[in-house]
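User: I'm new to this one and keep tripping over the labels. Could you walk me through what earns each of them?

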Amino acid sequence: MARSSHHATIHQKRRQTCNHSTMAKFSSRNKSSSCFSDACLFLGGALSALLLVWGFGSFIAPFPSSNPNFESVATKLKSFKFPGSVAGDTNCAPATHGPDLQDDSPEKTFYDDPDMGYTMEKPMKDWDEKRKEWLSRHPSFIPGAQERILIVTGSQPSPCRNPIGDHLLLRLFKNKVDYSRIHGYDIFYNAALLHPRMKSYWAKYPVVKAAMMAHPEAEWIWWVDSDALFTDMDFKLPLNRYKDHNLIVHGWPRLIHEKKSWTGLNAGVFLIRNCQWSLDFMEAWTSMGPQTPEYKKWGKILRATFKDKEFPESDDQTGLAYLIAEEKEKWADKIYLEGEYYFEGYWEEIVKTYENITERYSELEREDERLRRRHAEKVSESYGAVREPYLMEAGKGRGSWRRPFITHFTGCQPCSGDYNHRYTADLCWGKMVKALNFADNQVMRNYGYVHPDLLDNSVSSIPFDYPA
Ligand SMILES: *[C@@H]1O[C@H](CO)[C@@H](O)[C@H](O)[C@H]1NC(C)=O
C-alpha cells in the first residue's frame, strides 16, 4: 500500500509538471502566431545563419583545432538575442518543428473502429494501410518515419524475489533510458502481465503488439530483454542493412538449419517492423504459446526438432528457430539473422574484455584530442562518428576490441534470482554490476564523472582534457 500511495504522489507531481509545461507551450505558441514582425524575421535569419556556421564547423571538424575562434562566437552571441528565457525574452518563439504532440485529427482512424483491439485474440487486418492512413492524417510525424524506433522492454508486475533484483532492474532500465535519450528514441517500459497465461518469455508478444498499435508513427519496435544492456552507447543499428527485412535477431543460419540447435539464435533482443507481416508472424509464432490448447503438442514437436533443447515446454526462442527452419518458404526471407556484431552477446564471453577495451579506447583518446573534447550530451552522436574510422580495424563481435553493443545476461535472472547452476549468484550479479558501470562510464563522461573501478559504483570527477 505504502508503495502505491508513494507512486500516486509522484504521479500527481508529474502531472502537475506536465500541465505546467503544456501551459507554457501554449502561451509560447500563441506568441509565435502573433509574431510576424520584421524584427522576428530578422532574428530567424540570424539564427539560421549562426546554425549554419556551427553546422559546417561540426561537419568538418567537431572541435576547434588549435586556435579556437571563441571570441568571434562570443561577439556574435552578444548581439544575438535568444528566443525564450536563456538570454532575455524577445517576445518571439521559433516556429514549431518536429512532431506535433498537441493535435489529433478529428477524422476517424483505426482507433475509432470498435472491433479494433490491442490484444492477441483480436487479429488486425490491413495494418499497413491503416498505419499509412494515420500518418497521412498526422503529417508532422512523416519526416523520419521510416527510421523511427520505439524501444520496448519491461519486467514482472510484482516485487523481485532476489533482494537486489529491483535495484538491478532499475539500473538495467536506466541504461536503456540513457541509450534512448542519447539517440533520440522513444522507450516504453511495461510492468503488467497483458495476457494472464502468456507468462515469462511469452509475455513480450502481447506487449510488442500493443506497442505497434499505440505507436503507428514508429517503423520499428525494438524489444530488449530486461537482463540485456547497451554496452556501446555510440553504436547505432545499421537500419539500411535491414531495409528488405521485417524481423532482425542475433543468429547463425548454419546452427539453425544444419545443426538444428535451439541456441542458433537468441530471442531476447529483436527488431521487428511495425507492419502486417509482423502481426501475421507473431500470430504464427505465439500459436505455440501457453495460451493455446496446442502448447503441449508444440513442446514435443520443438524438442523433437531441436535435439539440444533442454526443457519440455514450448518456448519462444525454439519456436522462432522452428519457423525459420521448418517454414522457411513462408517466413525466412523476411528474417535477418544478424551475426556480424553483438546485436546481443553472451555475457560470459564479453564481460572479461571490458578492461582491455577501456584501455584501447583511452589510447585512442590520448592520440586524438578530438575524441577527448568535452561536449554536450546532445551532440554525442557526432563524436561517435569521429571515433568510427579508428574502430575499423577493431572488428566486431567475438575477439574484437570494439565495445560490444549489447551484453545479455542469459542464464542470470536478476529479478527472480534464479541462475544457471554453471555459475554462482555472486558471479551473475557481480558481472552485471561491472557491465552496468562499463556502460555508465560512457554516459557519465558527459556529466564530468567516471567510475574508476568497474566493480565499484562510486565515481570520481574527471579533469579537463582527460585522459591526456
Ligand atoms: C588483455 O590484454 C592483456 C595484455 O595485452 C592480455 O595479456 C590479456 O589476455 C587480455 N585479456 C583479454 C581478456 O583479452
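Analyst: Happy to. This is a predicted model, and a good place to begin is the pair β5 and β7, which run parallel and are joined by four bridges. In that pairing, I248 has Y336 of β7 as its bridge partner.

User: What makes β5 and β7 count as paired?

Analyst: DSSP has to find at least two bridges between two strands for them to pair. Here there are four, so β5 and β7 pass that cut-off. β5 also pairs with β6, in the antiparallel sense and over five bridges, and I248 stands opposite L271 there.

User: Why is β5 called largely enclosed?

Analyst: Buried means 20 or more other C-beta atoms within 10 Å of the residue's own. Five of the five residues of β5 are buried, so the rest of the structure largely encloses the strand. Both faces are covered: L247, V249 and G251 are buried on one side, I248 and H250 on the other. Over the protein chain, buried residues make up 29% of the 468 residues.

User: Which sheet does β5 belong to, and which strands are its edges?

Analyst: β5 sits in an open sheet of six strands with mixed pairing, in the order β2-β1-β3-β6-β5-β7. Its edge strands are β2 (186-190) and β7 (335-338), since each pairs on one side only. From one strand to the next, the twist averages 25 degrees.

User: What happens at the β2 end of that order?

Analyst: β2 runs parallel to β1 (residues 149-154), and five bridges join them. T153 stands opposite Y189 of β2.

User: What makes β1, α5 and β2 a right-handed unit?

Analyst: The test is to look with the strands pointing away from you: a path from the first strand over the helix to the second that runs clockwise is right-handed. The β-α-β unit made by β1, helix α5 (residues 165-183) and β2 is right-handed, so its path runs clockwise in that view.

User: Why are β4 and β8 called edges in the three-strand sheet?

Analyst: That open sheet has the order β4-β9-β8, with mixed pairing. β4 (228-230) and β8 (345-346) each have a single partner strand, so one side of each has no neighbour in the sheet. β4 and β9 (residues 406-408) run antiparallel and are joined by three bridges, with A228 standing opposite H408.

User: How do you know that the buried residues of α8 are on the same side?

Analyst: The buried residues of α8 (residues 276-286) are S278, L279, F281, W285 and T286. They are on the same side of α8 because they cover an arc of only 165 degrees around its axis. In general, an α-helix has 3.6 residues a turn, so residues three or four places apart point the same way.

User: What do those buried residues of α8 pack against?

Analyst: Their partners are α4 (127-137), α6 (204-214), β5 (247-251), β6 (265-273), α10 (316-326) and α11 (328-331).

User: Where is the "coiled-coil region", and how much of it is helix?

Analyst: An unreviewed UniProt entry lists residues 347-381 under that name. In the model, this stretch is 69% helix and 0% strand, with its end C-alpha atoms 26 Å apart.

User: How many helices and strands does the protein chain have?

Analyst: There are 16 helices and 11 strands.

Notes
Residues are numbered from 1 along each chain as its sequence is written. This is a predicted model: local features need pLDDT of at least 70, side-chain atom pairs count only at pLDDT 80 or more; totals for chains, interfaces and linings use all residues. A residue is buried if 20 or more other C-beta atoms lie within 10 Å of its own, exposed if 12 or fewer, and partly exposed in between; C-beta atoms are placed from the backbone. Helices (H or I, at least four residues) and strands (E, at least two) are DSSP runs, numbered from the N terminus. The arc is that of the directions from the helix axis to the C-beta atoms. Two residues are in contact if their C-beta atoms, placed from the backbone, lie within 7 Å. UniProt positions are given in the numbering used here, feature names are shortened, and annotations may be inferred rather than shown by experiment. Axes are lines fitted to C-alpha atoms, for helices over the stretch in contact, and angles run from 0 to 180 degrees between N-to-C directions.
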